[in-house]
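Student: I should like to learn how enclosed spaces and helix faces are read from a model. Might we work through an example together?

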Amino acid sequence: MKPLRPLGGDRKDEALLRAVAEGDAEALAELYDRHAGWLFGRLSRRCADAETVREVLQDTFLTVWRSAAGHRGGEAGGWLWVIAARRLVDAQRVLARTERAERAERVEYEPPAAPSAEERVLAGLEYGDVGDALDRISPELREVLRATVVDGLTTRETARLLGIPEGTVKTRAMRARRELRARIERGAPLGGTA
């Protein structure tokens, strides 16, 4: 009988991701055990369909398996959330496209369904001016802004997610807003890290 694997082993996320990049399936399982719960919870807040959330979660860790070597270090939580959020947007687009195609088969002509407010905001963050500006600020500032503004986490939750002190979250959030505003207004690169 195989012993049960404890939740959250001794290895840090960064070490687990390096091991995953080398093809260590046990490391992926440990990373999954450590992060799947909170990812499922956060995805469920954005999507009411539990089956879609499970598929997105599975796709997220499949992406981690394929691209762990691309992780640039630091906390894995923010990186995982970015992957999961993008997979959710992709899944919602596929669902919307499928629903439109099914309706088109039933009805000769029907105007396309308008995306929900959340889909428009996520698409704007992903592909619009805000998304472009957000991609140009430092990753540390971007992670804090996404966690606090996009995901609506509290300072304490964000600190726990990213593994940084609450004061650092507040400082980075303030700097991120300032840099994002400046980038949108001027369109000029500012650079900088927390």
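**Cavity, pocket and helix 8**

Tutor: By class, five nonpolar, one polar and four charged residues make up the lining of the second largest cavity. Here Ala, Val, Leu, Ile, Met, Phe, Trp, Tyr, Cys and Pro count as nonpolar, Asp, Glu, Lys and Arg as charged, and the others, Gly among them, as polar. The model is predicted, so local features need pLDDT of at least 70 and side-chain atom pairs pLDDT 80 or more, while totals for chains, interfaces and linings use all residues. Residues are numbered from 1 along each chain as its sequence is written, and side-chain values use heavy atoms, without hydrogens or water.

Student: How many cavities of 30 Å³ or more does the structure hold?

Tutor: Rolling a probe the size of a water molecule over the atoms shows where empty space is left. On a 1 Å grid over the protein atoms alone, a cavity is a set of points where a 1.4 Å probe fits but cannot get out; a pocket is an open set with protein on both sides within 12 Å along at least five of seven lines; lining residues have an atom within 4 Å of a point. Two cavities reach that volume, and the second largest has about 60 Å³.

Student: Which residues line the second largest cavity?

Tutor: The lining consists of R42, G78, W81, V82, E143, R146, A147, D151, L161 and L162. Helix 4, helix 7 and helix 8 each contribute at least two residues to it. Because domain 1 (11-101) and domain 2 (128-187) both give residues to this lining, the cavity lies between them.

Student: What is the volume of the largest pocket?

Tutor: The largest pocket has a volume of about 590 Å³. Of its 22 lining residues, R72, W79, P139, R142 and E143 lie nearest the centre. Ten charged residues line this pocket, with six nonpolar and six polar ones.

Student: Which residues of helix 8 (residues 155-162) are buried?

Tutor: Buried means under 20% relative accessible area, exposed over 50%, partly exposed in between (1.4 Å probe, protein chains only). In helix 8, T158, A159, L161 and L162 are buried. Seen down the helix axis, these buried residues fall within an arc of 165°, so they line one face of helix 8. Exposed R156 and R160 sit on the face turned away from that buried side.

Student: What follows just after helix 8?

Tutor: G163 comes there, with a positive phi of about 70°.

Definitions and conventions
Grid points are joined across faces, edges and corners, and a volume is the space filled by probe spheres set on the points. Helices (H or I, at least four residues) and strands (E, at least two) are DSSP runs, numbered from the N terminus. The arc is that of the directions from the helix axis to the C-beta atoms. Domain bounds come from an automatic or database domain assignment.
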